[in-house]
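User: Hi! Could you walk me through this protein? I'm new to reading structures, so plain words please.

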Amino acid sequence: MKNNSDNPQYNSCVSKGICSVNPRTTALQNVLILYLHLFSKYCIKLFEKNELDTKIKDFILNATAIAVANSAFTEYAFMTVIAKLQENMVLVIDKYNEIYNQDDFKGENLFDSDIFKNCKDIIDAIKLGERIFREIITVMPSEIYDLYNIMLIVAKSISINLLELKSFGIEDSEGFETLLNLLDSVRVNCTEKNTIKDIIQEGARCNTDLMIKLYNAREARYGKQGFCEVSYSTTPSKAVLVVGSNIRELENILENLKETDIDIYTHDEMMVAHTYPYFHKYSHLKGQYGYGLENCLLDFSTFPGPIILTKHSLHNIENLYRGRLFTTDLNFYKGVVKIENDNFQPVIEAAELAKGFKNGRVCETINIGYNLEECLNLIDEKLSSGKYKKMVIFGLKDYADNINNYFENLVKRLDKDVLIISFSYNVNQENFLYFNTCFDYYAIVRVSEKLLKYKISMNAFLPKCNRNTVAELLYFNAFDIVNVYLGICEPITINPSLINTLSQEFKINLISTPQKDAESINNL
């Protein structure tokens, strides 16, 4: 895929270190997570009685997504969330005491605890977060601490998928109950690995169910995904770049800007919107710009217009320029303009003031898309032949040269009785099926449902990391017939310590060399 820049292999995560997570953010996360843990105890009880207010449910979902995010907090955003947490906790505890005759948690004296007293400002909160961390690591082995952090990542995936489902008018009680149980479990002093791992696996299964429901919700609203051409060209005009994965928000942006002369471009995972027929009616949706999360510094700095970060975008923009960055998220960053109540007028004004694309530039047009039913029929046809004893699934691509070279050499070394199903690369050979799903993780889950029913040894490669990666690899890992291979993930998605724990505790393989990995698969 071609960019409007000259170096497609430039990785701003590596060159600038902008995908790392700073200690200040970690300290504040510790405070938010402790709040949510204490909060969840009461919420579980009220949820069982169907007495948990809808507004509080929504707040829990948003607060969880923020608490596990790797982006920096502004003082205003953090203190706003803390104030709301304290306010809602008072309401929830009062409601609990009203329904139940006894307070099961009264011994904790929450309102007199440090969590309430020592969060008066951002400095106190950071100190409290650092102290919480020191106390945790004093009593908890590092691998147990990492397991709890993996649990939190799964909780974040669930919360974001629940929020996106809600944007389609769908509530999922089972998913919300699973989220509350994860939050309730995340800071308990349990060092029994198998117990923690079972809770994590249950969360991963729940997240997979939510991804399938979200896939269906998208098709119900936008039509069945099909084949389309996506242009990387730019046209002379003022322009806005939409970043993230929430295509429901993209729809809202397109609607709000359809009466203007401003063009819209998608970035990274948002490209998947082009495969839905619904979006073809928007003439101002021009195409895709940039190479994605790994290259956001270069992509954003070369885009000549405002950039909208949709909810729960993973991009860490601390080192990026200010003034033309906007967000719809509950948490927003210093120098980023918050879009309130769907008022996109500041975005429109910023686009008009920006230089836009003066002449435009002609780049390649790529074909993307797939038909799920046809994909599943092709799999049936191949596997019913009896030729194949093993399977390899290769997930969404990372654009680095080393991954491209790795894949090409891996395919050459695999035996002919291995059926290769790729969502990234196309090779013309008999034992190869290519499904051009673009950035669509949900499609991989749907196809995998089919593959797992054959009970044939499967090797799942996940070279590109996003917010669903941990839950997805844990879902695959739960099946004895599946071996999971994980690529290199930027710290903003999964930090190196967690990758090491995933490898050791869940037997996740790290992608190594084509020769070594091919030998492992061939010798199964």
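**A chat about the strands and helices**

Analyst: Happy to! Let's start inside a sheet: strand 3 and strand 4 run parallel and are joined by three bridges. Helices (H or I, at least four residues) and strands (E, at least two) are DSSP runs, numbered from the N terminus. Two strands pair if DSSP finds at least two bridges between them.

User: Before we go on, what kind of model is this?

Analyst: It is a predicted model, where local features need pLDDT of at least 70 and side-chain atom pairs count only at pLDDT 80 or more, while totals for chains, interfaces and linings use all residues. Residues are numbered from 1 along each chain as its sequence is written, and side-chain values use heavy atoms, with hydrogens and water left out.

User: Thanks. Which residue in strand 4 is the bridge partner of Thr-266?

Analyst: That is Gln-288.

User: And what is the strand order in the open sheet with strand 4 in it?

Analyst: The order is 4-3-2-5-6-7, six strands with parallel pairing. Strand 4 (285-288) and strand 7 (337-338) are the edge strands, each pairing on one side only.

User: Does a helix come into this? Which strands does helix 10 touch?

Analyst: Helix 10 (residues 247-257) packs on the sheet and touches strand 2 (239-243), strand 3 (263-266), strand 4 and strand 5 (307-309). Contact means heavy atoms within 4.5 Å. The direction of helix 10 makes about 165° with that of strand 3. For such angles, axes are lines fitted to C-alpha atoms, for helices over the stretch in contact, and the angles run from 0 to 180 degrees between N-to-C directions.

User: How many bridges pair strand 2 with strand 3?

Analyst: Four, in the parallel sense. Ala-239 stands opposite Asp-263 in strand 3, and Val-240 stands opposite Ile-264. The chain goes from strand 2 through helix 10 to strand 3 in a right-handed β-α-β crossover. Right-handed here means that, with the strands pointing away from the viewer, the path from the first strand over the helix to the second runs clockwise.

User: What about strand 5, how many bridges join it to strand 2?

Analyst: Three, and those two strands run parallel. Leu-241 stands opposite Ile-307 there.

User: Is strand 2 covered? How many of its residues are buried?

Analyst: Five of its five residues are buried. Buried means under 20% relative accessible area, exposed over 50%, and partly exposed in between (1.4 Å probe, protein chains only). Ala-239, Leu-241 and Val-243 point one way, while Val-240 and Val-242 point the other way. In a regular strand the side chains alternate between the two faces of the sheet.

User: And which residues of strand 3 are on each side?

Analyst: Asp-263 and Tyr-265 are on one side, Ile-264 and Thr-266 on the other, and all are buried.

User: Now the other end of this sheet. How do strand 6 and strand 7 pair?

Analyst: Strand 6 (residues 325-327) and strand 7 pair in the parallel sense over two bridges. Thr-327 has Lys-338 in strand 7 as its bridge partner.

User: Changing topic: what order does the sheet with strand 11 have?

Analyst: That open sheet of six strands has the order 11-10-9-12-13-14, with parallel pairing. Its edge strands are strand 11 (432-434) and strand 14 (509-510), and each pairs on one side only. Five bridges join strand 9 (residues 390-394) to strand 12, and these run parallel; Phe-394 has Phe-461 as its bridge partner in strand 12. Helix 16 (residues 469-477) lies across strand 12 and strand 13 (482-486), at about 155° to strand 13.

User: Where is Lys-455, and is Lys-455 buried or exposed?

Analyst: Lys-455 sits in the loop between helix 15 (441-452) and strand 12 (457-462). Lys-455 counts as exposed because its relative accessibility is 67%. Its C-alpha atom is separated by 6.8 Å from that of Ile-481, 26 residues apart along the chain.

User: And Thr-208, buried or exposed?

Analyst: Thr-208 counts as buried because its relative accessibility is 2%. Thr-208 is found in helix 9 (residues 193-222). Leaving aside neighbours within four places in sequence, Thr-208 is in contact with Val-445 and Tyr-475.

User: Last one: how many disulfides does the structure hold?

Analyst: Zero, where a disulfide is a pair of cysteine sulfur atoms within 2.5 Å.
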